[in-house]
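Trainee: Could you take me closely through one helix of this chain, and set it against the rest of the fold so that I can place it properly?

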Amino acid sequence: MLSLGLDASTQSCSALVIDTATGTIVADASINFGQQLPQYKAPSGFIPDGAGGEVHSDPRMWLDALELLLEELSGQCDLSKVAAVSGAGQQHGSVYLNASWFQVVGSLSPNSSLAEQIQPSLSRLTSPIWMDTSTGEECREIAEAVGGNSSVCAKSGSVAIERFTGPQIRRFYKTAPQAYDETARIHLVSSFLCSVLCGADAPIDTGDGAGMNLLNIASWQWDPELLEATAPNLAAKLPGVVPGATAVGKIAPYFIEKFGFSEGTPVTVFSGDNPSSLVGMGAGEPGKVVISLGTSDTFFAAMQDVVADPQGYGHVFGNPLGGSMSLQCFVNGSLAREAVKDKLGYDWEQFTAAFERTEAGNKGNFMVPFFRPEISPRIDLEAPILKGSQTFERWNDADLAIRACVEGQFLNMKLRSEWMELKPEVIYLTGGASKNDAIAQVVADIFQAKVQRLAVSGSVALGAALRAAHNHLNCDMKELVAAFCQPEPDSIIESKVGPDTYRESLSVFSKLLPGKQTSS
């Protein structure tokens, strides 16, 4: 009853093997691209110094990493006992293949490496990834062609965004039209690796497909108008779209002969890293919200209904367990908290102690804590806005400033996430700052919800392993979540204030945001 989950992320390729009978992880491995594949000259997983905002990776690197990863896993467990496989890839990255791809992927020989065999099928030698910001003009062109970004968002769940796949495809078509014409298939990172693993051209799931500005979130199929606005004959170059629970084939003979997998091992369609992480964190069903506190803060959750953000700041992806999920990113996350700490000359212990000396609501002192341009909402600020007492506005009360920073972050998060129409039963906190009780208390108070910390590591690969086990091993997802996605014990934090405490604060904070926030 072993299930394998793969995660092809920006900097590494990782895997978990879980034993569903015992509720344990029996193998855990990771290949760092920069450290273990230095020949690709991608120390952080991408080719540095791209021109004009280009950020690309070499898809052969991902193939080499997959082989190294499976070799390492085979030393930790018997891969012949793996009875189900799935995976996930960094969202928005794309791989371009010529007509030979369909024959090559179906006849892989264990006598040569994957990279050697698939390289001749690449119609584009490198792959733009989610960090690429070279497509501003293409985003404007796509939006204009379909009646504006509000139309793009209503159709695809997101406004036209530089790092999304559709604008990347359009730029390729414009800058290399002959190579585009020679392209017979455009895969995402997830569907590319899924294809290789099952030795057949695999579909794209709704979770990853929705990160392309091409998929219609009402029909969960490619949107004809968006396809036409992006590039000619695009529909013929894209795989089909399927739900996240779809079985797409059996593991290819290549992996049976080379790494010892059993013949007939079923493969579930791969998804994107964010949808897979939602499952791996045990939040794949509505009622639970995950807030990841990192360099950027991220808010995501399963949704009852398919709803797009009318302001265009958030995103809608397919939920691999069915339905949809929302995701919203806030650039001014831990970097803003750290900037306030450093400005005041505090260490983290002093930063935390400030909350004990201040009260919820901060006596009417507010901060818009944006130290750099924000994307939720889209505002170009280089320094925070302070509103309150003269002492506070002059940064002469460190404790008030610290609370105002954190309250401002989560007041903004609550305002920006209202479009999701969520009523969370529990908020799971993850990421470095989640360990801070004072910050967790502010989250509980502002959202009026129970907060728990998540102890799950490797949530992307774990989500893939859970989906594979659920689809192919007759495992109940709730039981899998209970076994593998438990929050940290004794980490429950309840709100200490009533719903009125921050009601006026939300209105005041909203009015402090400068100018007109647009989705364009």
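Mentor: Buried residues make up 61% of the 520 residues in this chain, and since we are looking at a predicted model, every value that follows is computed from predicted coordinates. The chain is built from 22 helices and 25 strands. Its radius of gyration is 23 Å, close to the 24 Å that the globule rule gives for 520 residues, so the chain is as compact as a globular protein of that length. Along the principal axes, the C-alpha atoms fill a box of roughly 70 × 55 × 40 Å. Of the contacts with a separation of 6 or more, 74% are between residues 24 or more positions apart. The accessible surface comes to about 19,600 Å², and carbon and sulfur atoms account for 47% of that surface. As for charge, the chain has 37 positive and 58 negative charges, and the mean positions of the two sets are 5 Å apart.

The helix I would choose for the close look is α19, which runs over residues 437-447 and is mostly covered, with ten of its eleven residues buried. The buried residues are Ala438, Ile439, Ala440, Gln441, Val442, Val443, Ala444, Asp445, Ile446 and Phe447, so that Gln441 and Asp445 are on the buried list alongside residues such as Val442 and Ile446. Both ends of α19 deserve attention. At the N-terminal end, Asn436 acts as the cap, with a side-chain oxygen that lies 2.9 Å from the backbone nitrogen of Ala438. Just after the helix, Gln448 takes a positive phi of about 50°.

One link from α19 to another helix goes through Ile439, which is in contact with Arg337. Arg337 is found in helix α15, residues 334-344, and with a relative accessible area of 1% Arg337 is buried, because the cut-off for that class is under 20%. Beyond its neighbours within four places in sequence, Arg337 is also in contact with Leu293, Gly294, Asp297, Trp348, Phe351, Cys405, Val406, Gln409 and Ala433. Two of the elements touched in this way can be named: Trp348 and Phe351 fall within α16 (348-353), while Cys405, Val406 and Gln409 fall within α18 (398-416).

The loops that border these two helices each hold a residue with an unusual backbone angle to check. After α16, in the loop that leads to β20 (366-368), we find Asn362, which has a positive phi of about 60° although it is not a glycine; Asn362 is buried, with a relative accessible area of 0%. Before α18, in the loop that follows α17 (390-393), we find Trp395, whose phi is near 65°, again a positive value in a residue other than glycine. A further backbone feature is the cis peptide bond that joins Ser376 and Pro377, with omega about 0°, and Pro377 lies in the loop between β21 (374-375) and β22 (378-379).

For comparison with the helix, consider two other buried positions and one exposed position. His315 lies in strand β18, residues 315-318, and is buried at a relative accessible area of 4%. The side chain of His315 makes a polar contact of 2.9 Å with the side chain of Ser158, and His315 also touches Gly157, Ile161, Arg163, Phe164, Met325, Ser326, Leu327 and Trp419, leaving out residues up to four places away in sequence. Leu480, placed in helix α21 (residues 477-484), is likewise buried, with a relative accessible area of 4%. Apart from neighbours within four places in sequence, Leu480 is in contact with Thr20, Leu466, Ala469, His470, Cys475 and Cys485.

Pro243, by contrast, counts as exposed at 52% relative accessibility, and is placed in the loop between β12 (241-242) and β13 (247-250). When residues up to four places away in sequence are not counted, Pro243 touches Thr206 and Val269. Val269 also gives a distance to Leu480: the two are 211 residues apart in sequence and 19 Å apart in space, C-alpha to C-alpha. Pro243 and Glu138, for their part, are 105 residues apart in sequence and 29 Å apart in space, again C-alpha to C-alpha.

How values were computed
Residues numbered from 1 in each chain as written. Predicted model: local features only at pLDDT ≥ 70, side-chain atom pairs only at ≥ 80, totals over all residues. Heavy atoms only, no water. Helix = DSSP H or I, 4+ residues; strand = E, 2+ residues; numbered from the N terminus. Buried < 20%, exposed > 50% of the residue type's maximum accessible area, 1.4 Å probe, protein only. Polar contact = N/O pair within 3.5 Å; in protein donor to acceptor, adjacent residues only side chain to side chain. Contact = heavy atoms within 4.5 Å. Rg over C-alpha atoms; globule rule 2.2 N^0.38 Å. Areas by Shrake-Rupley, 256 points an atom, 1.4 Å probe, with all protein chains shown as cover. Lys, Arg positive; Asp, Glu negative; His and termini not counted. Charge placed at Lys NZ, Arg CZ, Asp CG, Glu CD.
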